[in-house]
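Work through these three exercises with the model on screen. Try each task before you read its solution.

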Amino acid sequence: MHEIMLLIFVFVIAGFLGVELISKVPSQLHTPLMSGTNAISGITIVGAMSATAVAVLAPSSTIGMVFGIIAIVLAAINVVGGYLVTDRMLGMFKKKGDNQK
Amino acid sequence: MNDFRDVIITVLYMVSAVLFIRGIKLLGKADTARKGNGLSAVGMLIAVITVLFEKQVMAAGLNSYLLIAAAVIVGSIIGAVWAKKVEMTGMPQLVALFNGFGGLSSLLVALAQYANYRTLGADAQPFEGITMGLTVAIGAIAFTGSVVAWGKLSGKMFKKSVTIPAKNALNAVLALAGLAGICLYAFSGSNTQLGFIGMIAVTAAFLILGFTMVVTIGGGDMPVIISLLNAFSGLAAAFAGLALNNSVLVVSGCLVGTSGLILTLIMCKAMNRTLYALLFGSFGASKSKSAAGSGKEPKSMSVEDAYLILEAASSVVFIPGYGMAVAQAQHAVKELCDKLEENGAEVSFAIHPVAGRMPGHMNVLLAEANVPYEQLKTADEMNPQMPNTDVAIVIGANDVVNPSAQTDESSPLYGMPIINAYEARTVFVLKRGKGAGFSGVENPLFTNDNTIMIYGDAKQTVSSLVSEFEDK
């Protein structure tokens with residue numbers, strides 16, 4: 001029970017932290033912010049790995065294993081693609097005077 | 001030994017959560033955004049390595065490591081290739097697609113956990129069962145919703161906004177059935193027939209709900225929906241964390257969830273809509289035929305004549321919209337901008353928060369065309385200067401410059417913050433043809449005395465203006 005309450009505590013605090021972090025972002029950064037946080041939501045890859053390992057341990061949990069593996073692949077696409085595309089986008093944001101081609 | 005390992009794992013997860021927080025913070029400032037993204041990527045790497053040392057993963061041995069490594073490599077390659085290949089105009093649909101994958105991944109994590117419980121004959125505590133059910137529910141909405149959004153944005157599927165009869169009733173039934181499924185699962189256990197039925201019910205109901213919720217939403221409302229779905233995929237990860245008792249999932253998922261929610265509300269505010277009205281009302285249907293215009297015909301002008309006006313202008317404001325993205329006109333616009341500056345004019349860009357199909361869409365396109373970001377102004381910054389502007393060039397924007405939003409209380413747009421293009425001395429409107437904008441609302445700007453329509457493809461029009469400058 002104690003563990004559950006602690007998790008809920010963390011959940012609520014992180015929620016309010018998210019609100020504080022985002023509320024003053026200039027609109028020109030909305031797209032990178034969205035795709036950057038989108039990449040972070042790929043953190044579920046950690047859960048996917050852990051669930052896959054449990055499935056490998058369990059006797060004949062083929063379905064669990066298949067779901068887990070697919071989950072890892074999808075989350076990896078989300079994470080790697082998300083970070084790279086955000087970086088690419090941000091690389092294009094230039095100040096005046098940055099060597100403009 | 002095991003205790004020591006647990007401490008190290010907790011510390012590493014903590015470091016990765018701190019890096020995510022710092023990363024998001026830095027992402028919010030133009031100068032540091034790239035560094036912020038890098039920091040959060042490092043946080044992700046640390047989290048992914050740390051999980052490899054968790055008890056259950058170590059116990060599963062070499063086979064599981066090989067499987068995991070193979071899956072990570074396959075996903076990383078696919079993600080990297082897509083991220084490299086995508087055109088900037090294709091960005092909204094790519095973000096939607098990635099988002100859908102994130103949602104589906106969380107959904108599958110919960111289902112895998114469920115399958116494990118069944119084979120192990122173990123059982124989830126009610127709290128765990130409820131959070132697993134919620135993971136499935138939110139992940140499912142994020143998945144099908146994002147796929148529909150991707151289809152709409154890429155023009156591949158569901159292009160027309162569909163109306164579903166009794167949409168709200170249908171969605172309510174689906175949501176209730178899904179929630180009932182969660183309760184059934186959580187309180188009858190993983191290994192019972194009832195629990196199985198519950199799991200199937202929640203999965204099916206919310207997969208359908210994601211579809212019915214997004215399929216009725218039109219293109220112009222996409223910025224709101226994309227950020228909402230982004231919030232959902234974060235929340236799904238956070239609930240997966242609650243179910244798996246993993247704190248780093250809870251923290252980072254929840255950060256994404258609430259930051260996405262804030263972005264959603266910012267977008268709603270920029271459209272003067274409530275989230276409730278967007279999801280549960282139907283904009284198209286409630287649209288009353290506004291009075292059949294003032295009966296005036298808009299004036300139009302050839303490119304040559306427009307050039308003469310532009311050449312004499314000393315301050316010019318571009319107001320881009322989704323039409324600029326469709327015509328891929330951003331590079332031509334930058335050329336015209338350079339020509340105008342050579343000619344001594346002061347050029348800026350006024351960007352409405354919901355111009356385009358995702359939050360900040362126009363900024364990304366113009367950044368791609370090398371427009372420095374200081375030149376990109378928000379509506380609030382630009383509006384006070386509008387009366388002193390010689391020429392406002394509206395490129396493929398419509399509703400965001402519609403003065404009805406300020407003057408006509410019967411207009412569906414009434415109250416929406418707009419860019420006051422009508423206050424400029426001359427307004428050029430580059431438009432493909434006559435017709436109303438996405439919302440289907442008449443735009444009185446077009447028939448104003450100081451407005452000149454230039455019909456045709458935006459890119460071609462801008463390019464021929466550029467060559468007029470060159471021929472001089």
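**Exercise 1.** Decide whether α9(B) is largely enclosed by the rest of the structure, or not, and say why.

*Solution.* Count the buried residues (20 or more other C-beta atoms, placed from the backbone, within 10 Å of a residue's own). In α9(B), 20 of the 24 residues are buried, so the helix is largely enclosed by the rest of the structure. Next, check its span. α9 of chain B covers residues 247-270 and reaches 35 Å from first C-alpha to last, close to the 34 Å expected at 1.5 Å a residue. Then look past its end: B:N272 follows, with a positive phi near 55 degrees.

This is a predicted model: local features need pLDDT of at least 70, side-chain atom pairs count only at pLDDT 80 or more, and totals for chains, interfaces and linings use all residues. Residues are numbered from 1 along each chain as its sequence is written, while chains are lettered from A and ligands numbered from 1 in the order written.

**Exercise 2.** Describe how α3(A) and α4(A) cross.

*Solution.* Take α3 (residues 44-57) and α4 (residues 62-92) of chain A. Their axes come within 8 Å and cross at roughly 160 degrees. That makes α3(A) roughly antiparallel to α4(A) (angles over 145 degrees count as such). Now list the contact (C-beta atoms, placed from the backbone, within 7 Å). Among its residues are A:A48 and A:T52 of α3(A) and A:G68 and A:I72 of α4(A).

**Exercise 3.** Find which helix gives the most to the side of chain B that touches chain A.

*Solution.* The contact takes 99 residues from chain B and 84 from chain A. α4(B) gives the most to chain B's side, with 19 residues.

Terms used. Helix = DSSP H or I, 4+ residues; strand = E, 2+ residues; numbered from the N terminus. Expected span 1.5 Å × (residues − 1). Buried ≥ 20, exposed ≤ 12 C-beta atoms within 10 Å, placed from the backbone. Axes fitted to C-alpha atoms, helices over the stretch in contact; angles between N-to-C directions. Parallel < 35°, antiparallel > 145°, perpendicular 65-115°, else oblique. Contact = placed C-beta atoms within 7 Å.
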